[in-house]
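Trainee: Before we use this model, I would like to go through the labels attached to it and hear the reasoning behind each one.

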Amino acid sequence: MSQPAERKDLETTKKMKSVMGKYFMELEQGAQQGRKTAWCTSVGPAELLRALGFNVYFPENHGAMLGASRMASDLIPLANARGFSPDICSYLTSDIGSYLKGDTPLKKMGMSGPPRPDVLVYNTNQCRDVKDWFQFYAREFGVPCLGVHTPRSIGEMDEAMIEYVAAQIEALVPDLEKVAGQKLDPDKLREIVASSRRCTELWKAVLLTAASVPSPLTFFDGTIQMGPAVVLRGHGDAIAYYEMLLAELKQRIVDGTAAVPGERFRVYWEGMPIWGKLRDLSTQFADLQTCVVASTYCNSWVFEDLNPDDPYRSMARAYSRLFICRSDDQKEQYIQDVVAAYKADGIVYHDAKTCPNNSNNRYQMPLRIQEKLGKPYLVIHGDLNDLRLYSEEQTRTNVQAFVEQLAQG
Ligand code: SF4
């Protein structure tokens, strides 16, 4: 019997462990040395928090770790027992379950657990769950919870809306200064915004290498490679890492090295990763010589609007341009553009049962896009973290049938 095909691993990934390990170590050491810690949502005002000298910790990243390590399904019931519905965000329920049990994959990275927060800062640009999630911890730890409320279903972004969000970000400053015990240095903020912007440019360039045929990168690589863009934007370590990664990917293009050997088909992934099944799905697609070239998810950490000369308004613009808080018209146009840019033959939509915010298959969007592009699509029913909502067998069969459909052209 032949061995299943595997995607070709990237050399730079070997450095990832030390980059992420250093980030987590600095969180722990910083907290021990009295540095204040801010918990931040993934597209919250991280630049502002860094400029104020906070340790910045991202619970969603921890949620993804709980999913990838397959600890989540055992932890979610603990949060359910404390009144959080099994139907809401499984990052939230697995993270709170982890807190209640005192068990975390961070222990394997030499940490005792997530650093205790001094303040929690959210942005509702992605969903309301993040606010409820952070408010739980604010009550547990008796610390302030601050936030930015971004409109949802944004069509064209107008100046009034940008002003509204920018004013909210700026209004956080006095309260954050109180917790930080220091005044905000505007030059420091500009410097951090410039660093975030550079990280974004490099991350975008990394993702765009997948437009080459064959692609040197898959969505499954992207979910691993995005770590520094999520937790270290505004920090020099992210820039150094992506410079290295980009160089390797460019070399792959020159050498004609495919991430999926013998690439025959190219697919776009819309929706959340299924963290506990990344390896299995990657292997199945590679076996079918099909490269999942790009995704909305990995592209969501590209913030091209950031501008050090106009920090607040540019942060507002960048955080509100996020795919997840846009109108269906905007989303459809975006998907059509990226499918064309990455030369995808079809689209996979992941219906993540506990994240309606990141599941775009539920209101006919796949059909509308299919009518415009004439490309096949597949809906995978599952979840980001709760594997009880995912059927391995059904997904395998459906992926196989989808690739056969691609083969029929
Ligand atoms: S966007 Fe979805 S996965 Fe992310 S925090 Fe909100 S509900 Fe959870």
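Trainee: Where is Gln289 found, and why does Gln289 count as partly exposed?

Mentor: In this predicted model, Gln289 sits in the loop between helix 13 (278-287) and strand 6 (290-295). Gln289 has 17 C-beta neighbours inside 10 Å, and since the label buried needs 20 or more while exposed needs 12 or fewer, Gln289 counts as partly exposed because its value falls in between.

Trainee: What is notable about the phi of Gln289?

Mentor: The phi of Gln289 is positive, at about 50°, although this residue is not a glycine. As background, most residues other than glycine have a negative phi.

Trainee: Why is Gln364 called exposed or buried, and where is the place of Gln364?

Mentor: Gln364 belongs to the loop between strand 7 (346-352) and helix 17 (365-373). Only the count decides the label: Gln364 has 9 C-beta neighbours inside 10 Å, and because exposed means 12 or fewer, Gln364 counts as exposed. Its phi, near 80°, is again a positive value in a residue other than glycine.

Trainee: Which peptide bond is cis, and how do you know from omega?

Mentor: The bond from Val213 to Pro214 is cis, with omega near -5°, and Pro214 lies in the loop between helix 9 (186-208) and helix 10 (219-225). For context, most peptide bonds are trans.

Trainee: Which residues surround the ligand, and what makes up their shell by class?

Mentor: The residues around the ligand include Glu60, Cys89, Tyr91, Gln126, Asp129, Cys355, Asn357 and Leu384. Sorted by class, the shell has six nonpolar, three polar and two charged residues, where Cys and Tyr count as nonpolar. Both domain 1 (13-185) and domain 2 (189-407) contribute at least three residues each to the shell.

Trainee: How many helices and strands does the protein chain have, and why is it called as compact as a globular protein of that length?

Mentor: The secondary structure of the protein chain comes to 18 helices and eight strands. Its radius of gyration is 21 Å, and the globule rule gives 22 Å for 409 residues, so the two values are close and the protein chain is as compact as a globular protein of that length. Along the principal axes, the C-alpha trace spans about 65 × 45 × 40 Å.

Trainee: What share of the residues of the protein chain count as buried?

Mentor: Of its 409 residues, 49% count as buried. Among contacts with a separation of 6 or more, 78% come from residues 24 or more positions apart.

Notes
Residues are numbered from 1 along each chain as its sequence is written. This is a predicted model: local features need pLDDT of at least 70, side-chain atom pairs count only at pLDDT 80 or more; totals for chains, interfaces and linings use all residues. A residue is near a molecule or strand if its C-beta atom, placed from the backbone, lies within 6 Å of it. Domain bounds come from an automatic or database domain assignment. Helices (H or I, at least four residues) and strands (E, at least two) are DSSP runs, numbered from the N terminus. The radius of gyration is taken over C-alpha atoms; the globule rule is 2.2 Å times the number of residues to the power 0.38. Two residues are in contact if their C-beta atoms, placed from the backbone, lie within 7 Å.
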